[in-house]
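Me: I'd like to go through this structure with you, contact by contact. Can we do it as quick questions and replies?

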Amino acid sequence: MTADSVGATVADSINACVGSEIANENKPASSWQIRQTILPWAIPNNDKLWLPKKYSGYDELLKFCDAEANEKLPKTKGFTADRSTWKWGIIRDADFSHPLAAAPLIGGQFALKFTNVDGSGQTPNVGQSVSMRYITKPGKWDETRFVIPLGQSGDPQSPFWKDQFESWRSGKSLVFPFTESVVAKEAKNTVLMTDLKK
């Protein structure tokens, strides 16, 4: 589900349609439940239990949903009749809005949405659902790699508000040193906290 993929957009639309068609005949199951638990084995095993009665087989259901995708996608915001515009990264927003984004007057500065992000909830790269990537090497702790979607600061005015986003989006990570000597060597700033009562 890469951001530049047209196939990802079409496949997701077909998948959503198939899930909805099956869910409509199996209430109160939701389309999401059908997509997550039923489709991965019902279609490969040609399990007729889940096939909606108006279709003679899963091939017919898939053809219907493919036609629906081709009719619906050109009308989607950001797309045209030219299939090359149907890129996954255009319609798949990565929304990292802070809870304060809903606050009147000040909320706008806390709202963050990005396009051109790989992944989806149904793939190993779950896109915006990844809160942190963290890789350690026991015994070589100073080679630990780390990245978060935005940055360490919750302050939109800080240079660390979203300074890690591009590394996160592109799948890169940052070195995260552990040992005292390497931390001291890599430190850019040091904050000394003292007990004022002494």
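Here is the chat, starting with the ground rules.

Me: What kind of model is it, and which pLDDT do side-chain atom pairs need?

Reply: Residues are numbered from 1 along each chain as its sequence is written, and side-chain values use heavy atoms, leaving out hydrogens and water. The model is predicted: totals for chains, interfaces and linings use all residues, local features need pLDDT of at least 70, and side-chain atom pairs count only at pLDDT 80 or more.

Me: Which helix supplies the largest share of the largest nonpolar core?

Reply: A nonpolar core here is a set of buried Ala, Val, Leu, Ile, Met, Phe, Trp, Tyr and Cys residues joined through side-chain atoms within 4.5 Å. The largest one has 20 residues, and V18, I22, I34, W50, Y58 and L61 have the most contacts inside it. At least two residues each come from α1, α2 (31-42) and α3 (58-72), where helices are DSSP runs of H or I with at least four residues and strands are E runs of at least two, numbered from the N terminus. The largest share, six residues, belongs to α1.

Me: And which residues does V18 touch, leaving out those up to four places away in sequence?

Reply: Contact means heavy atoms within 4.5 Å. With that sequence filter on, the list for V18 is L39, I43, L61, L62 and C65.

Me: How many residues are in the other core, the one with F110?

Reply: This core lies apart from the largest one. Among its members are F110, L112, F114 and V130, and its size is 12 residues.

Me: Is T9 buried or exposed?

Reply: T9 sits in helix α1 (residues 6-24). Leaving out residues up to four places away in sequence, T9 touches L73, F79, W86, K87, W88 and I91. The labels go by relative accessible area with a 1.4 Å probe and protein chains only: under 20% is buried, over 50% exposed, and in between partly exposed. T9 has 1% relative accessibility, so it counts as buried.

Me: How far is the backbone oxygen of W86 from a polar atom of the T9 side chain?

Reply: W86 is also one of the residues that T9 touches. The gap from its backbone oxygen to a polar atom of the T9 side chain is 2.8 Å.

Me: Why does the salt bridge between K54 and E21 tie together parts of the chain, and how many residues apart are they?

Reply: A salt bridge is a side-chain nitrogen of Lys or Arg within 4 Å of a carboxyl oxygen of Asp or Glu, and the whole structure has six. For K54 and E21, the closest N and O atoms are 3.3 Å apart; K54 is exposed at 55% relative accessible area, whereas E21 is buried at 12%. Because K54 is in the loop between α2 and α3 and E21 is in helix α1, the pair links parts whose separation in sequence is 33 residues.

Me: What separates E166 and R169 along helix α5?

Reply: These two form a salt bridge, with the closest N and O atoms 2.6 Å apart. E166 is partly exposed at 45%, and R169 is partly exposed at 24%. Since they are three residues apart in helix α5 (residues 165-170), the separation is about one helical turn.

Me: What is the N to O distance in the salt bridge of E143 and K137?

Reply: E143 is partly exposed at 39% relative accessibility, and K137 is partly exposed at 41%. Their side chains meet with an N to O distance of 2.7 Å.

Me: Where is F178 found?

Reply: F178 is partly exposed, with a relative accessible area of 41%. M132, Y134, W141 and F176 join F178 in making a nonpolar surface patch of about 480 Å². Its place in the chain is the loop between β5 (174-175) and α6 (180-186).

How values were computed
Patch = residues over 30% accessible without salt bridge, like charges linked within 9 Å, V, L, I, M, F, W, Y side chains within 5 Å. Areas by Shrake-Rupley, 256 points an atom, 1.4 Å probe, with all protein chains shown as cover. Polar contact = N/O pair within 3.5 Å; in protein donor to acceptor, adjacent residues only side chain to side chain.
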